[in-house]
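Biologist: Could you take me through one part of this model in detail? I would like to hear about the salt bridges, and which residues they link.

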Amino acid sequence: MTELRSAALAPYLDKRESAIVAMRHGYWGPCFDDGAIETALKTYKLRYTRVPDPPSAAAELLANGKILGWFQGRMEFGPRALGNRSILADPRDPEMTPRSTMR
């Protein structure tokens, strides 16, 4: 009888290893330095502003009803992959959902 196996578990089952290593973080994607980000922004002719205190600038923009993209560190992997790549908006504004919906 053929034993059915998950592709992810096949090496473990083949070797009968006793320990499965826990994933310590989900930041397995690429990371981009400031130069690479600036090059991409210029290539696609996107407006941007360098600010000395990004969290404070983001809070002010959100308080003023703006929608912004947040980009930092490596890309995440997994079911809770939020934070390093996010679209942020003020959830208190009832008009935010229609404004933020892409058409």
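Modeller: Happy to; here is a close look at the salt bridges. First, the model is predicted, so to speak of its local features we need pLDDT of at least 70, side-chain atom pairs count only at pLDDT 80 or more, and totals for chains, interfaces and linings use all residues. Residues are numbered from 1 along each chain as its sequence is written, and side-chain values use heavy atoms, with hydrogens and water left out.

A salt bridge here is a side-chain nitrogen of Lys or Arg within 4 Å of a carboxyl oxygen of Asp or Glu, and the count comes to four. Asp34, Glu38, Lys42 and Arg50 are linked in a network of these bridges. Within the network, aspartate 34 meets arginine 50 at 3.9 Å, N to O. Aspartate 34 lies in helix H2 and arginine 50 in the loop between H2 and H3, so this pair ties together parts 16 residues apart in sequence; helices are DSSP runs of H or I with at least four residues, numbered from the N terminus. Glutamate 38 also bridges to arginine 50, with the closest N and O atoms 3.2 Å apart. That pair, too, links helix H2 to the loop between H2 and H3, across twelve residues.

As for exposure (buried is under 20% relative accessible area, exposed over 50%, partly exposed in between, with a 1.4 Å probe and protein chains only), arginine 50 counts as exposed at 54%, whereas glutamate 38 is partly exposed at 22%. Elsewhere, arginine 92 and aspartate 90 form a salt bridge with their closest N and O atoms 2.8 Å apart. Arginine 92 is exposed at 68%, while aspartate 90 is buried at 13%.

Technical notes. Helices (H or I, at least four residues) and strands (E, at least two) are DSSP runs, numbered from the N terminus.
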